[in-house]
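Dear colleague,

I am passing on the structure we spoke about, together with some notes on what was found in it. Please have it open while you read.

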Amino acid sequence: MRLPSSLLRSSILRVSDHPWFRRLAGSRLGRRVASRFVAGETLADAMTAARELRAAGIDAMLDHLGENVESPDQALVARAAYLSALDSLAAEPGLGGAISIKLTQLGLDDSIDDCWANLVPILDLAEANGTLVMIDMESHAYVDDTLEILRRAAERGSSAGVALQAYLRRSERDVFNLPPGIRVRLVKGAYLEHPDVAFATKREVDASFARLFSTLLTHGHPIDVATHDPSLVEGVRKRVDDMPKGWSRVEFQMLYGVRRDQQSRLAGQGYPVRVYVPYGTEWYPYLTRRLAERPANLWFFLSNLLRFSR
Ligand code: FDA
């Protein structure tokens, strides 16, 4: 019997929360397997990945891994990590680098004001360096606060952009309330969500993705089409090819280690492509989302653990 993909996906996300799975994944062997999706544990590793991507005609967006910090000090460490990343990117402007941030890493669970206070120095340095800042969208409980932070950033004159999730039913309304002209990264959505708030089938999510893309295009937003889905990529490619100067405001984005064939093919054909490059020691939650997106990854992960442990 074939399980529906949303059921399989939610089962994987649930199992991965279990302590024995965490222990397995956190082992040295687990790290080795995780390296398929994570550039390394240090900023130097991420910069090496960014240089390799640039050599292949692809831009990078660095993500210092971490989310849901448990103390104000941890949020300060994350802030410092992003300021260092901005310094490194400014020293190599040819890389076309950008950064991507999760707000719960900067203290959003404590308060929106604490998070904002941690974000401002990052926005200011990025603005001074001319580096793009994107804000990831986390689970649906954070959407209102994330959009509020985005509004504050826009009022401050920042060009920071935000991710919008096609699986969330509310995105069809949110898309009309974004600050004008703000950059939007359109994604399907990676968290475990209840059907009350999120579409559960691929067909519905893909249809929502296509509708949101059209709305963002009509409203003049720069759009990062962040998917590996070949049919969505092809639909966007055809549509934007037909628009005068279309590619000045649309780019493809994919994840480090995912569909490298498609990344190089599009870049080789001259399309703008950027890869999200995660790095750092807090890779476990990121890895579990990648495993859940494609059940074959779980098999890859487990079979490698078995192979390496023999
Ligand atoms: P889909 O899951 O339908 O996959 C299409 C094809 O892509 C698969 O058939 C397979 O070939 C390949 N593929 C997809 N995922 C894979 C994987 N993990 N391993 C191997 N192959 C895989 N989400 C979120 O909630 N908030 C965010 O801020 C972001 N940010 C973000 C940035 C960027 C640059 C990307 C590309 C994605 C995100 N995401 C995200 C994740 C996103 O929501 C989504 O979970 C993944 O991109 C997988 O969905 P696809 O759109 O690729 O389609």
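Helices and strands are taken here as DSSP runs, a helix being H or I over at least four residues and a strand E over at least two, numbered from the N terminus. Counted in this way, the protein, which is a predicted model, has 13 helices and eight strands.

On the overall fold, the C-alpha trace spans about 55 × 45 × 40 Å along its principal axes. The radius of gyration is 19 Å, which agrees with a compact globule, because a globule of 310 residues would be expected near 19 Å. Of these 310 residues, 52% count as buried, and the accessible surface comes to about 14300 Å², with 54% of that area belonging to carbon and sulfur atoms. Among contacts between residues at least 6 apart in sequence, 73% join residues at least 24 apart.

The second largest pocket may interest you. It holds about 840 Å³ of space, and of the 32 residues that line this pocket, Gly66, Glu67, Asn68, Glu282 and Pro285 are the closest to its centre. At least two lining residues come from each of α1 (5–15), α2 (19–26), α5 (72–91) and α12 (284–293), and it is α12 that gives the largest share, with four residues. By class, the lining of this pocket is made up of eleven nonpolar, eleven polar and ten charged residues.

With best wishes

Note on methods: Residues are numbered from 1 along each chain as its sequence is written. This is a predicted model: local features need pLDDT of at least 70, side-chain atom pairs count only at pLDDT 80 or more; totals for chains, interfaces and linings use all residues. Side-chain values use heavy atoms; hydrogens and water are left out. On a 1 Å grid over the protein atoms alone, a cavity is a set of points where a 1.4 Å probe fits but cannot get out, and a pocket is an open set with protein on both sides within 12 Å along at least five of seven lines; lining residues have an atom within 4 Å of a point. Grid points are joined across faces, edges and corners, and a volume is the space filled by probe spheres set on the points. Ala, Val, Leu, Ile, Met, Phe, Trp, Tyr, Cys and Pro count as nonpolar, Asp, Glu, Lys and Arg as charged, and the others, Gly among them, as polar. The radius of gyration is taken over C-alpha atoms; the globule rule is 2.2 Å times the number of residues to the power 0.38. Buried means under 20% relative accessible area, exposed over 50%, partly exposed in between (1.4 Å probe, protein chains only). Contact means heavy atoms within 4.5 Å. Accessible areas come from the Shrake-Rupley method with a 1.4 Å probe; for residues, only the protein chains shown count as cover.
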